[in-house]
Amino acid sequence: MTDPPSTSEITATLVRDLLRDQHPEFAGLSVREVPGGWDNQQWRLGDELAVRIPRSERAPELQRKECRWLPVLAPRLPLPVPLPVRIGEPSARFPKSWTVMTWVPGEPLDRSSISRGDHAADALAAFLRALHVEAPAGAPTAPDRGGHPSRYTEGFDHFFQAVAPHDVADEVRAVQDDAVAAAAWGGPPVWVHGDLHPANVVVADGTLAGIIDFGDLCAGDPAWDLAAAWVVLPAGAAQRFFDAYARADEATIRRARGLAALKSLFLMLMGHNGDQGLPGGKPAWGPAGRAALDRVLRTAVV
């Protein structure tokens, strides 16, 4: 969760060369860099496609996972998600595999805002109800997400010590302790997006318009995604979200709230790193993380 991407230079010229060599039917389309990205650097390809070029060591495997499973999951999901169109092979020009994906229109939430909170809560609940079905035996798992909050106390402590505001530190710790004490998920592992935060949800017309970046897709505890009630949705929307989702018992909500605190602190740390000019830092994530943490502390869903 905290390893920054490599800084290998990826240029529009390289992207055009890769397309011309391997997928020349797309070589005439415009290529425009898209800000952001963590494991991958993304380039808009024409109006309807995107090229995703790995910039971390783990990125090619994450892309292969998306190409394997998104076509399976997408037909039942009520919001647009990116779908693979072409796969680029390693070559002398670039040593890793890469992908051409469909483009999900809208703006990432870390560069936009949700003004229609009730609509967004209903849309996110419907999406997660559709996603959170029992995963097949061959579904991927992840060591750093998808499990009970007690498995991630070391990461929480690292983020907490780095950026937890002193004036609310005791409250944040209490939320974490309550999540760790909550009963574990008792159902079968379900499909989990695994990385729902403002940079990975797309907004249009003031509400959710798509979900992107499924590189951390895995089988696990749905609480990992339900944390988005605080991390993604605006203040006052969490209760409506859980009412619409209608599958989360008290223990699941407690785990989700603790995981929301963890994710909020992570966003704050990435924001801090961005302010310091450190590799992988994201200046816009700091305010988003603090706002999410404030929602976590103000709203304990019942």
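Here a visitor asks a guide how the descriptions of this predicted model are reached.

Visitor: Why is His197 called buried?

Guide: Buried means under 20% relative accessible area, and His197 has 7%, so His197 counts as buried. This residue lies in the loop between β7 and β8. Leaving aside neighbours within four places in sequence, His197 is in contact with Val231, Val232, Leu267 and Trp285.

Visitor: And why does Asp205 count as exposed?

Guide: The word exposed is kept for values over 50%. Asp205 has a relative accessibility of 67%, so Asp205 counts as exposed. You will find Asp205 in the loop between β8 and β9. Its phi is near 55°, a positive value in a residue other than glycine.

Visitor: What makes Asp213 partly exposed?

Guide: Partly exposed is the range between the 20% and 50% limits. With a relative accessible area of 23%, Asp213 is therefore partly exposed. Asp213 sits in the loop between β9 and β10, and has a positive phi of about 55° although it is not a glycine.

Visitor: How do you know that Tyr152 is buried?

Guide: The limit is again under 20%, and the relative accessible area of Tyr152 is 9%, so Tyr152 is buried. Its place is in the loop between α3 and α4.

Visitor: Which residues does Tyr152 touch?

Guide: Contact means heavy atoms within 4.5 Å. Not counting residues up to four places away in sequence, Tyr152 touches Pro143, Asp144, Arg145, Gly146, Gly147, Trp224 and Leu262. Leu262 is 110 residues away from Tyr152 along the chain, yet their C-alpha atoms are separated by 8.8 Å.

Visitor: How do you know that the span of helix α3 agrees with what is expected?

Guide: The expected span is 1.5 Å times one less than the number of residues. Helix α3, residues 117-131, has 15 residues, so it should span 21 Å; its end C-alpha atoms are 21 Å apart, which agrees.

Visitor: Which residues of α3 are buried, and what covers them?

Guide: The buried residues are Gly117, Ala120, Ala121, Ala123, Leu124, Ala125, Phe127, Leu128, Ala130 and Leu131. Their cover includes the helices α2, α6, α7 and α8, along with the strands β7 and β9.

Visitor: What does the span of α9 come to by that rule?

Guide: For the 26 residues of α9, residues 250-275, the expected span is 38 Å; the end C-alpha atoms are 38 Å apart, so this helix agrees too.

Visitor: What makes you call α9 mostly covered?

Guide: Of its 26 residues, 22 are buried, and buried means under 20% relative accessible area. After α9 comes Gly277, whose phi is positive, near 75°.

Visitor: Why are β8 and β9 said to pair?

Guide: Two strands pair if there are at least two bridges between them. β8, residues 201-204, and β9 have four bridges, in the antiparallel sense, so they pair. Val201 stands opposite Ile211 in β9.

Visitor: What makes β6 and β9 edge strands?

Guide: Each of them pairs on one side only. They belong to an open sheet of three strands in the order β6-β8-β9, with antiparallel pairing.

Visitor: What is the volume of the largest pocket, and which residues are closest to its centre?

Guide: The largest pocket holds about 690 Å³ of space. It is lined by 37 residues, and the closest to its centre are Gly37, Ala199, Asn200, Ile212 and Asp213. β2, β5 and β6 are the elements that give two or more residues to this lining. The largest share, three residues, comes from β2.

Visitor: How does the lining of the largest pocket divide by class?

Guide: It has 16 nonpolar, nine polar and 12 charged residues.

Visitor: What makes a space a cavity, and how many are there?

Guide: A cavity is a space where a 1.4 Å probe fits but cannot get out. Counting those of 30 Å³ or more gives two cavities. The largest cavity has a volume of about 40 Å³.

Visitor: What lines the largest cavity?

Guide: Its lining is Ala229, Trp230, Leu233, Pro234, Ala235, Gly236, Ala237, Ala238, Arg295 and Thr299. By class, these are seven nonpolar, two polar and one charged. Gly counts among the polar residues and Arg among the charged.

How values were computed: Residues are numbered from 1 along each chain as its sequence is written. This is a predicted model: local features need pLDDT of at least 70, side-chain atom pairs count only at pLDDT 80 or more; totals for chains, interfaces and linings use all residues. Side-chain values use heavy atoms; hydrogens and water are left out. On a 1 Å grid over the protein atoms alone, a cavity is a set of points where a 1.4 Å probe fits but cannot get out, and a pocket is an open set with protein on both sides within 12 Å along at least five of seven lines; lining residues have an atom within 4 Å of a point. Grid points are joined across faces, edges and corners, and a volume is the space filled by probe spheres set on the points. Buried means under 20% relative accessible area, exposed over 50%, partly exposed in between (1.4 Å probe, protein chains only).
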